[in-house]
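Visitor: I would like a close look at one part of this protein, with enough of the surroundings to see where that part sits. Could you walk me through it?

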Amino acid sequence: MDVAMFDGESEWEKTLALKYDLNVTEEDLMRFDHYTGEDKQFLVSFVMRWRNMALDKTRASLQAAFQAILRKVKEVKYNEAMKERDDLQRKSLELLTNVPPGTRSEEDVEHLSSWLTKMKLGGEKLSHLEPGQVKNMSSMMDVRVLPANSLIFLQGDSGDYYYWVISGSVELYTSFTAAKELMLREKHKDRPRDEYSTIDVSELGNHIASMEDGAGFGELSIISDAKRSLSAATSCETVLGRFSKKTYNASIRSMHSDKMDTVRKIAILKGFKLFSSWPPSALSHLSYKMDIKEYAYNDKMVVGGSAIRDIYFVAEGEINLESKIRVEGTNVLDSVTFKSVQVATIHTGSILGDIETTVEKSKSWRVTAKVKSATAKVLRMEKEDFIHLVLNSPGDVGEKVKLGAEAVHQFRRERIRDAQRMKLKEKKVQVDKKNSESKTVENLRQRVQRASFEVGG
């Protein structure tokens, strides 16, 4: 096909591919080896007819047919790209398993870097890293092919490595109590730390999460310099990449600035008396379900009457809780009024939403929460997660929350009743004053009438 056929009034043909498929270029359309004989015949016929403008009525059908060919081109390009990627990954994994970290040549590192820049780790493209960081990963990365039920690390181990699931699946588990963690570690105390042994995963406790292709895990222990808060084991044959703490800090840590929030959240949770007995694994899991939210003076955190979607743990600041109370009239002819009154002030260590969830079983807020201090910081989590992870957690935490909520609820009800009595008393005083003024005016009117009668008489 002559490229010149796309010139002049045929500009529409040149842009059609771009319009319907950004991955198909004019160069692709020129590659007739992609097409069948019928495709070639159609393309020639399509261009010639469009140039003549003789069959304008067939535009819609021609477009549909042309799009079908474009889809075929895209499929061919996709298959070619996947084959190229698979070949690159196969050669890269062979190199990683056969040449130990730190002994790879410059050629090896260049090859591995070209592969890594096409991959994702923890949902982030590695191409976003600096070239030097990718080369460092390529030089120092360790790869193992593990069978199903291979133990990667135990809860309580030191955090020496960061892991990357290249293919396969890794399951994360937790033992919520310190006693169970000690029993587990005692049973497997003689296992080799740099080797992977098989294990009965039912020993590892409660299942927390699954790490699939491309996922990364283990960074929190490195960032916070703490023991492992979870146990990890494979659920099928898994190709697992491993990076030392030094390599992680030099190359990958920049991708995980958001993980520092998790460390901050765990530190905040430790300040709550409610969670003082929780092991690090439980706090870590809880923190994943929370986000840190900051407010300024007079900001409304929640509004009375709105749906309850989140529960708030106050980390810093003071928050006033206001409720609208119903004030009846002093007699049956008076209208009912609603007044907003302050029923409580909550501080650091308090929970907002526990009463509505545990005692009142309400779907909407009964109070409006306004920040009283210059700023306030809270941990926010969804109501369903609060019920599942806090109220229904092992131990007596859920019961403590319910008992505390009942006590505070009773206090709030007393405050509301006191406020209602006060408002009713104030209203009665106003009514009495108004009645007194009306009586005075009426007496004055009657005196004026009598005086006028006497003068007229």
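Guide: Happily. Please keep in mind that this is a predicted model. Let us take strand β13 and its partners as our part, and then walk outward from there.

First, the setting. The protein chain contains 14 helices and 18 strands. Of its 457 residues, 40% are buried. If you take the contacts between residues at least 6 apart in sequence, 80% of them join residues at least 24 apart.

Now to β13 itself, which covers residues 310–316. This strand is mostly covered, with six of its seven residues buried. Two pairings are worth following here. One is with β18, which runs antiparallel to β13 and is joined to it by six bridges. The other is with β16 (residues 351–352), again in the antiparallel sense, over two bridges. As a general point, strands of a sheet pair through backbone hydrogen bonds, either parallel or antiparallel.

To find these pairings on your screen, pick out a residue pair for each. For β18, look at Glu316, whose bridge partner is Lys377. For β16, look at Phe313, whose bridge partner is Ile351.

Lys377 deserves a pause. This lysine lies in strand β18, residues 375–382. Is Lys377 buried or exposed? Its relative accessibility is 15%, and because the cut-off for buried is under 20%, Lys377 counts as buried. What is Lys377 in contact with, leaving aside its neighbours within four places in sequence? From β13 and its surroundings in sequence, the list includes Phe313, Val314, Ala315 and Glu316. Lys377 is also in contact with Arg264, Ile268, Ile292, Lys293 and Glu294.

A little further along the chain from β16 we can pick up another thread, through Ala405. This alanine has its place in helix α14, which spans residues 397–456. Ala405 is buried, and its relative accessible area is 0%. Not counting residues up to four places away in sequence, Ala405 touches Asp354, Ile355, Thr358 and Val359. Thr357 is 48 residues from Ala405 along the chain, yet their C-alpha atoms are separated by 9.2 Å.

With that part in view, let us visit the other sheets. One is an open sheet of four strands, in the order β4-β9-β6-β7, with antiparallel pairing. At its edges stand β4 (151–153) and β7 (206–211); each has a single partner strand, so one side of each is left without a neighbour in the sheet. From one strand to the next, the twist averages 30°. Inside this sheet, β6 (residues 170–174) runs antiparallel to β7 and is joined to it by five bridges. A handy marker for that pairing is Thr174, whose bridge partner in β7 is Asn206.

Just before β7 comes a loop worth a glance. Thr198 is found in the loop between α7 (178–187) and β7. With a relative accessible area of 57%, Thr198 is exposed. Setting aside neighbours within four places in sequence, Thr198 is in contact with Ala148, Asn149 and Ser150. Thr198 and Thr234 are 36 residues apart in sequence, and the distance between their C-alpha atoms is 9.1 Å.

Another open sheet also has four strands and antiparallel pairing, in the order β3-β10-β5-β8. Its edge strands are β3 (142–146) and β8 (216–217), each of which pairs on one side only. Five bridges link β3 to β10 (residues 238–244) in the antiparallel sense. Here you can look for Asp142, which has Arg242 in β10 as its bridge partner.

Our last stop is a pair of helices, α5 (residues 106–116) and α6 (residues 131–140). Their axes are 8 Å apart, and the helices pack at an angle of about 115°. That angle makes α5 roughly perpendicular to α6. Their crossing is right-handed. On the α5 side, the residues that meet α6 are Val109, Glu110, Leu112, Ser113 and Leu116. Across from them, α6 contributes Val134, Lys135, Met137, Ser138 and Ser139. By type, the residues of this contact divide into five nonpolar, three polar and two charged.

To return to where we began: β13 pairs with β18 over six bridges and with β16 over two, and Lys377 in β18 is a good residue to click on if you want to explore that pairing again.

How values were computed
Residues are numbered from 1 along each chain as its sequence is written. This is a predicted model: local features need pLDDT of at least 70, side-chain atom pairs count only at pLDDT 80 or more; totals for chains, interfaces and linings use all residues. Side-chain values use heavy atoms; hydrogens and water are left out. Buried means under 20% relative accessible area, exposed over 50%, partly exposed in between (1.4 Å probe, protein chains only). Contact means heavy atoms within 4.5 Å. Two strands pair if DSSP finds at least two bridges between them. Axes are lines fitted to C-alpha atoms, for helices over the stretch in contact, and angles run from 0 to 180 degrees between N-to-C directions. Angles under 35 degrees count as roughly parallel, over 145 as roughly antiparallel, 65 to 115 as roughly perpendicular and the rest as oblique. A crossing is left-handed if the near helix is turned anticlockwise from the far one by less than a right angle, and right-handed if clockwise. Ala, Val, Leu, Ile, Met, Phe, Trp, Tyr, Cys and Pro count as nonpolar, Asp, Glu, Lys and Arg as charged, and the others, Gly among them, as polar.
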